Amino acid sequence: MKTRLLHVAAATGLAALAVMATPARADHPWQDAPVQASITADATLPGLQPTTLLAAENGTYLALDTNGHPVRIDAANTVSPLPGPSQPTDRLVALTRSGTDLWGLATGAQPALIRMSQDGSLQSRIPLSGATVQGSNLIALQVHDTHAYLADEGKPALVVANLQTGKATRFLPYDMSLTGRHPLLRNNQPRMGPDGHPMAGGNVRFLMLDAKGQWLFYQPACGPMSRIETALLTDTTFTAVEQLDGITEWRTTPSLGGATLTPDDTFYLSDITVGSILKFGSDRIPLRILRDQRLFDAGAPAVSDSHQMAVLATEDGTTHILRIALP
């Protein structure tokens, strides 16, 4: 027993050192792209949440209205409910896509995953057991194959749910990669607490999954971005020490209002610190592709298959969609 405890303590210490001595410290600074993106349209979309945006076909996007119901934004920036005949009534806090299915996350006394067809018709409702503790606030969702990945901002943890059984397991509770360690900056200004000191930027808020479902990227709004292999969370033979050791601090980021990872594994980030759109891919070249004051209040970004981008932003208390031509 003593030997095992010493081994665990040593491994935990090494894992902590691995996180602290991060490759992100050696990252190149963000640089302006030689060819910049441009905003081609700015349309008011009252009644929409700015936190969720998914690219759909033919220049359309999916979002959530203020009642937590999925809606479509067409190419002319008109918002309409999805046309499916059997819409779920749950209030969703997150929306994602896996294959041909839409998945929503409903919270409440017992959180549930809502599986829908592309037209929004309800396919199944999967109640989750073990996903939350008192004070939890599930906020983000990704789905791949037989598992769903969730972020708990209230009681910071990664949550993995089996889609067949609904059984969920919480991982890495209060790990430093899940908790905000820096002030949240908007327009380079920190949010101040009642004591007159800058407030930390909250706990884990954004989840991104690569196209193969191998790597889960996550971060608080104030950064940094971390990465862990999904097998460490789905294969029960891995230990808690191995999970800690598997965390990599992937990239320092400014404060973000939203983040997305495209099928070609390119990140696009809404930077609210200086009001910009950031991009980096497998080449690890960090580019700032657009600067605009409207991006100080940017939320969720999404990139369509036609090399166009959209970002939801709040202007004068109302949600807008900014359509962007990528370079």
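**Figure 1. D297 is partly exposed and paired with R186.** In this predicted model, D297 has a relative accessible area of 34%, so the residue counts as partly exposed. D297 forms a salt bridge with R186. The closest N and O atoms of the two are 3.4 Å apart. Where do the partners lie? D297 is in the loop between strand 24 (287-291) and strand 25 (298-303). R186 is in strand 15 (residues 185-186). The pair therefore ties together parts that are 111 residues apart in sequence. R186 is also partly exposed, because its relative accessibility is 38%. Side chains of opposite charge can pair when their charged atoms come close.

**Figure 2. R288 and D271 form a salt bridge.** The closest N and O atoms of R288 and D271 are 3.5 Å apart. This pair links distant parts of the chain. R288 sits in strand 24, and D271 sits in strand 22 (residues 267-271). The two are 17 residues apart. Is R288 buried or exposed? R288 counts as buried, because its relative accessibility is 10%. D271 is buried too, with a relative accessible area of 0%. Elsewhere, salt bridges that share partners join D42, D292 and R294 into one network. How many salt bridges are there by this rule? The count comes to 11.

**Figure 3. D101 and R115 form a salt bridge between two strands.** The closest N and O atoms of D101 and R115 are 3.0 Å apart. D101 belongs to strand 8 and R115 to strand 9. They are 14 residues apart, and the pair links distant parts of the chain. The cut-off for buried is under 20% relative accessible area. D101 has 17%, so D101 is buried. R115 has 26%, so R115 is partly exposed.

**Figure 4. Strands 7, 8, 9 and 10 make an open sheet.** The order of the four strands is 7-8-9-10, and the pairing is antiparallel. Which strands form the edges? They are strand 7 (92-98) and strand 10 (122-127). Each edge strand pairs on one side only. From one strand to the next, the twist averages 20°. Strand 8 (residues 101-106) and strand 9 (residues 112-116) pair over five bridges, in the antiparallel sense. To trace that pairing, start at G104 and find its bridge partner, I114, in strand 9.

**Figure 5. Strands 11, 12, 13 and 14 make an open sheet.** This sheet has four strands in the order 11-12-13-14, with antiparallel pairing. Its edge strands are strand 11 (138-144) and strand 14 (168-171). Each of these pairs on one side only. The twist averages 20° from one strand to the next. How many bridges join strand 13 and strand 14? Four bridges hold this antiparallel pairing, with strand 13 covering residues 157-162. A161 stands opposite A168, which is in strand 14.

**Figure 6. The largest nonpolar core has 18 residues.** Which residues have the most contacts inside this core? They are L158, L172, L207, L216, Y218, I228 and L233. Several elements give two or more residues to the core. They are strand 11, strand 12 (147-152), strand 13, strand 17 (204-209), strand 18 (215-220) and helix 2 (231-234). Strand 17 provides the largest share, three residues. A second, separate core has 17 residues. Among its members are L184, M208, C222 and A259. In soluble globular proteins, nonpolar side chains tend to be buried together.

**Figure 7. The whole chain puts the close-ups in context.** The chain has three helices and 27 strands. Its radius of gyration is 20 Å, close to the 20 Å that the globule rule gives for 327 residues. The chain is therefore as compact as a globular protein of that length. Along its principal axes, the C-alpha trace spans about 65 × 45 × 40 Å. How many of the 327 residues count as buried? The share is 51%. Now take the contacts with a separation of 6 or more. Residues 24 or more positions apart account for 47% of them.

Key:
Residues numbered from 1 in each chain as written. Predicted model: local features only at pLDDT ≥ 70, side-chain atom pairs only at ≥ 80, totals over all residues. Heavy atoms only, no water. Pairing = 2+ DSSP bridges. Axes fitted to C-alpha atoms, helices over the stretch in contact; angles between N-to-C directions. Salt bridge = Lys/Arg side-chain N within 4 Å of Asp/Glu carboxyl O. Buried < 20%, exposed > 50% of the residue type's maximum accessible area, 1.4 Å probe, protein only. Core = buried A, V, L, I, M, F, W, Y, C linked by side-chain atoms within 4.5 Å. Rg over C-alpha atoms; globule rule 2.2 N^0.38 Å. Contact = heavy atoms within 4.5 Å.
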